[in-house]
Amino acid sequence: MPLPRSKTSHHDDSKIEEIIQEGCRVLALQAKPQYADVARQLFEKHSILVSRYRLRNRFLGKTESRQASHETQQLLSFEQENVLVDWIKYLSSTGHPLSKRTIRKKAQDLCGKKPSQNWIPLFLKRNPSIKLGKPSGLDPKRAQAFNHTVVSHHFNLLKEIIEKNGIPWENVYNMDEKGCQRGGGRKASSQKYFVP
């Protein structure tokens with residue numbers, strides 16, 4: 001069965017890149033690479049067409065991935081973007097997320113050039129592990145319940161139970177279902193922040 005001649009361009013670049021890498025791994029195991037057969041197998045498995053010529057050129061090292069070939073045109077290098085993504089995740093987990101305004105400043109500090117208006121959407125597309133979101137603040141009912149009297153009463157009850165049942169301190173653990181509050185209580189703000 002011959003493969004369709006039309007190129008499918010509506011698929012995500014990362015998905016096509018995964019398919020090409022899979023094809024290159026299959027070709028590496030063959031004594032004599034069968035490009036057309038591998039392209040057909042990939043099409044039957046994924047329903048995404050990757051031409052045998054594209055597969056052959058990538059396998060032979062004549063071409064690069066789209067991301068690798070355009071890296072020199074990006075504002076930040078691949079390593080700089082990875083550092084920025086890790087920093088975004090860290091700052092978000094500590095309750096100090098970056099906004100669009102502050103991330104532009106950080107990007108400019110990294111490379112010395114001012115980012116364009118469409119740098120942020122392209123940065124997010126290249127790094128799907130982060131997104132823009134509105135942080136949620138602490139519920140007022142939780143804040144009111146967290147006062148000195150309630151906390152003291154809790155620990156007095158805990159102490160009584162531990163002493164009554166003879167529980168050693170090494171068997172006492174603390175669990176919290178809330179976790180870290182991202183955004184530091186900026187729920188009223190309409191500004192979006194970068195979060196994992």
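Biologist: Let's start with Ser 47: does this residue count as buried or exposed?
Modeller: Happy to, bearing in mind that this is a predicted model. The cut-off for an exposed residue is over 50% relative accessible area. Ser 47 has a relative accessibility of 52%, so this residue counts as exposed.

Biologist: Where is Ser 47 found?
Modeller: Helix H2 covers residues 35-46 and helix H3 covers 52-59. Ser 47 is found in the loop between helix H2 and helix H3.

Biologist: What is the phi of Ser 47?
Modeller: Most residues other than glycine have a negative phi. Ser 47 is not a glycine, and yet its phi is positive, at about 60 degrees.

Biologist: Let's step back to the whole chain. Which pattern does the chain follow along the sequence?
Modeller: The chain has 9 helices and 2 strands. Read along the sequence, they give the pattern α-α-α-α-α-α-α-β-α-α-β.

Biologist: How many of the contacts between residues at least 6 apart in sequence join residues at least 24 apart?
Modeller: Here contact means heavy atoms within 4.5 Å. Among contacts between residues at least 6 apart in sequence, the share that joins residues at least 24 apart is 65%.

Biologist: And what share of the chain's residues counts as buried?
Modeller: The accessible surface comes to about 14,200 Å², with 53% of it belonging to carbon and sulfur atoms. The chain has 196 residues, and the share that counts as buried is 25%.

Biologist: Now for helix H7. Why do its buried residues line one face of the helix?
Modeller: In H7, residues 119-126, the buried residues are Trp 119, Ile 120, Phe 123 and Leu 124. They line one face because, seen down the axis of H7, they fall within an arc of 130 degrees.

Biologist: Which elements do the buried residues of H7 pack against?
Modeller: Two of these elements are helices, H5 (78-93) and H6 (100-111). The others are strand E1 (131-133) and strand E2 (193-195).

Biologist: How are the rings of Trp 119 and Phe 123 arranged?
Modeller: Both residues lie in H7, 4 residues apart, about one turn of the helix. Trp 119 is buried at 5% relative accessible area, and Phe 123 is buried at 0%. Their ring centres are 4.9 Å apart and their planes are at 20 degrees; planes under 30 degrees apart count as stacked, so the pair is stacked.

Biologist: Which helices each supply at least two residues of the largest nonpolar core?
Modeller: That core has 14 residues, and Leu 84, Ile 88, Ile 103, Trp 119, Phe 123, Ile 130 and Phe 194 touch the most other members. At least two residues of this core come from each of H5, H6 and H7.

Biologist: How many residues are in the second, separate core?
Modeller: Among its members are Ile 16, Leu 27, Tyr 35 and Ile 48. The number of residues in this second core is 12.

Biologist: Which residues does Ala 107 touch, not counting those up to four places away in sequence?
Modeller: Ala 107 is found in helix H6 and is buried, at 0% relative accessibility. Its C-alpha atom is separated by 8.8 Å from that of Glu 81, 26 residues apart along the chain. Leaving out residues up to four places away in sequence, Ala 107 touches Leu 76, Lys 113, Pro 115 and Trp 119.

Biologist: What separates the C-alpha atoms of Gln 74 and Trp 119?
Modeller: Gln 74 is found in the loop between helix H4 (66-69) and H5. At 18% relative accessibility, Gln 74 counts as buried. Along the chain Gln 74 and Trp 119 are 45 residues apart, while the separation of their C-alpha atoms is 9.0 Å.

Biologist: One last residue: with which side chain does the side chain of Arg 58 make a polar contact?
Modeller: Arg 58 has its place in helix H3 and is buried, with a relative accessible area of 12%. At a distance of 2.8 Å, the side chain of Arg 58 makes a polar contact with the side chain of Glu 17.

How values were computed
Residues numbered from 1 in each chain as written. Predicted model: local features only at pLDDT ≥ 70, side-chain atom pairs only at ≥ 80, totals over all residues. Heavy atoms only, no water. Buried < 20%, exposed > 50% of the residue type's maximum accessible area, 1.4 Å probe, protein only. Arc of directions from axis to C-beta. Areas by Shrake-Rupley, 256 points an atom, 1.4 Å probe, with all protein chains shown as cover. Phe/Tyr/Trp six-rings, centres within 6.5 Å; stacked < 30°, edge-to-face > 60°. Polar contact = N/O pair within 3.5 Å; in protein donor to acceptor, adjacent residues only side chain to side chain. Core = buried A, V, L, I, M, F, W, Y, C linked by side-chain atoms within 4.5 Å.
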